[in-house]
Amino acid sequence: MDSVIEDVRVRKILDSRGNPTLEVDVITWNGFGRAAAPSGASTGSREVVAFPEGGVDKIIGEVEDVISSELIGMDAEELQDIDMVLKEIDGTENLSSIGGNTTVAVSMAVAKAGASSYNMPLYKFLGGNMKTEIPYPLGNMINGGAHAGKHAPDIQEFLIVPVGASNITEAVFANSNVHKRLKELIQAKDKSFTGGKGDEGGWAPNITNYDALDMQSKACEEVGDEMGIEIRPSLDMAASEMWDASQEKYIYGQENIARDTGEQIEFVKEIIETYHMLYVEDPLDEADFTGFSELTAKIGDKCLICGDDLFVTNKQILQEGIDQKSGNAIIIKPNQIGTLTDTYETVKLAKENQYVPVVSHRSGETTDDTIAHLAVAFSAPLIKTGALGGERIAKLNELIRIEEELSNPAMAILDK
């Protein structure tokens with residue numbers, strides 16, 4: 001009876017962009033769980049609907065009582081049953097009635113309440129007692145595209161991974177050091193740079209894509225040499241944001257260049273090989289399974305080719321990619337699919353088919369640290385959660401705490 005739900009409470013809170021989002025409290029007889037939903041700026045067209053018309057206010061005004069009445073008396077330990085009830089309350093395929101952000105916040109809060117009821121951390125409650133691996137942090141260094149101003153680079157995120165770090169503390173401070181070094185390099189290039197940042201805490205300078213790539217590579221090398229570890233550059237290209245369907249080309253405003261699909265594939269291949277990229281996310285449009293497949297075949301095991309907008313944490317869509325050999329990694333964002341149960345099913349399918357799961361934040365975040373626990377519970381080799389900023393370091397600092405709790409800490413191993 002410890003984990004029987006006694007109450008569900010919903011409130012409107014701020015996200016990191018100052019927009020409203022939802023926070024949910026779930027109270028059990030012997031536990032408590034709180035979770036908040038994030039939101040994205042560049043979102044895949046096949047994601048579930050974040051909120052219904054009327055937004056957060058509609059949920060609080062009309063839906064909270066419905067959810068509460070259905071869940072009170074259920075056992076928080078039975079998360080699969082609760083997630084099914086949430087989808088039944090909504091009644092639509094894309095969760096447009098009550099919203100995927102509503103269902104995911106409730107689902108995560110229920111899981112945390114269940115863990116709390118048995119005095120267990122969430123990662124152990126979901127993943128079991130044998131978890132010993134901590135993911136490498138993908139740190140966001142430079143922002144462009146939809147996450148920054150119009151004069152920033154076209155590529156949305158210039159990321160790094162401290163693959164040589166021996167523990168999570170060394171890894172997060174490596175990311176922080178590269179972030180600081182990049183500011184110095186940007187200021188040396190652009191004397192007018194005032195330190196502006198994008199939505200996810202990366203610098204948002206007025207420089208070209210190639211300048212950003214060169215600086216990213218240089219900062220990784222310099223800081224890596226100073227710390228005695230290897231740091232690899234990575235990217236989120238968010239190519240769907242650049243794709244012009246009428247021209248059938250990717251438009252790079254900074255370079256004043258339009259690339260067709262073949263040219264985009266060669267451009268990405270050149271970047272991977274020139275800069276020794278570890279990971280490239282969304283290098284092609286969200287509908288281009290064939291292009292993803294072609295790029296993956298050309299790159300082989302040199303780099304992780306990751307789908308975010310392509311797969312939207314959806315098991316059925318991931319299966320399409322698996323069938324076509326499109327990419328070899330997948331971004332995992334619970335609010336893209338709406339429940340932890342569905343999120344886990346997608347992770348399971350990915351691992352069964354040697355796709356690397358990358359648990360990820362969103363650009364509009366909160367200080368909720370749930371994804372740190374999910375990354376450990378899912379044994380994800382990578383977590384994408386920024387490098388600096390309160391809503392980002394909430395996850396990173398929680399990973400430091402989790403590693404301390406583990407009896408035999410070990411960094412996750414990447415084969416790439």
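Q: Let's start with Thr 339. Is Thr 339 buried or exposed?
A: Buried, because its relative accessibility is 0%; the cut-off for that word is under 20%. Keep in mind that this is a predicted model.

Q: Where does Thr 339 sit, and what is in contact with it?
A: Look in the loop between α10 (334-337) and α11 (340-352). Leaving aside neighbours within four places in sequence, Thr 339 is in contact with Asp 83, Lys 87, Val 104, Ser 107 and Pro 334. There's also a polar contact of 3.0 Å between the side chains of Thr 339 and Asp 342.

Q: Next, helices. How do I read which residues of a helix point the same way?
A: An α-helix has 3.6 residues a turn, so residues three or four places apart point the same way. Now try helix α1, which covers residues 55-71. Its buried residues are Gly 55, Val 56, Ile 59, Val 63, Glu 64, Ile 67, Ser 68 and Leu 71.

Q: What do those buried residues of α1 pack against?
A: Two strands and two helices: β1 (5-14), β2 (20-28), α2 (79-90) and α3 (100-117). As for direction, α1 lies across β1 and β2 and runs at about 165° to β1.

Q: Where does α1 bend, and what follows the helix?
A: The bend is at Val 63, by about 55°. After α1 comes Gly 73, which has a positive phi, near 100°.

Q: Is there a residue in α1 that isn't buried?
A: Try Asp 57, which is also in α1. Asp 57 has a relative accessible area of 48%, so it counts as partly exposed. Its side chain makes a polar contact of 3.0 Å with that of Lys 12. Asp 57 is also 334 residues from Glu 391 in sequence, and their C-alpha atoms are 23 Å apart in space.

Q: How do strands of a sheet pair?
A: They pair through backbone hydrogen bonds, either parallel or antiparallel. Here, you can trace an open sheet of three strands in the order β1-β2-β3, with antiparallel pairing. The edge strands are β1 and β3 (32-36), each pairing on one side only. From one strand to the next, the twist averages 15°.

Q: How many bridges join β2 to β3?
A: Five, and the two strands run antiparallel. To find your place, look for Asp 25, which stands opposite Arg 34 in β3.

Q: What about the nonpolar core? Which residues have the most contacts inside the largest one?
A: Val 24, Leu 71, Leu 182 and Met 277, in a core of 107 residues. Helix α3 gives the largest share of this core, nine residues. Apart from it lies another core, of 14 residues, with Leu 278, Cys 306, Ile 331 and Val 358 among them.

Q: What does Met 277 touch?
A: Not counting residues up to four places away in sequence, Met 277 touches several residues, including Leu 213, Ile 271, Ile 272 and Cys 303. Among the others it touches are Gln 216, Arg 232 and Lys 302.

Q: One last residue, Glu 255. Is Glu 255 buried or exposed?
A: Glu 255 counts as buried because its relative accessibility is 19%, and the cut-off is under 20%. You'll find Glu 255 in the loop between β9 (249-252) and β10 (257-259). Its side chain has a polar contact of 2.9 Å with that of Asn 209, and one of 3.1 Å with the side chain of Arg 259. Leaving aside neighbours within four places in sequence, Glu 255 is in contact with Asp 154, Asn 209, Tyr 210 and Phe 267.

Methods
Residues numbered from 1 in each chain as written. Predicted model: local features only at pLDDT ≥ 70, side-chain atom pairs only at ≥ 80, totals over all residues. Heavy atoms only, no water. Bend = angle between axes of the 7 residues up to and from the residue. Helix = DSSP H or I, 4+ residues; strand = E, 2+ residues; numbered from the N terminus. Buried < 20%, exposed > 50% of the residue type's maximum accessible area, 1.4 Å probe, protein only. Contact = heavy atoms within 4.5 Å. Core = buried A, V, L, I, M, F, W, Y, C linked by side-chain atoms within 4.5 Å. Polar contact = N/O pair within 3.5 Å; in protein donor to acceptor, adjacent residues only side chain to side chain. Pairing = 2+ DSSP bridges. Axes fitted to C-alpha atoms, helices over the stretch in contact; angles between N-to-C directions.
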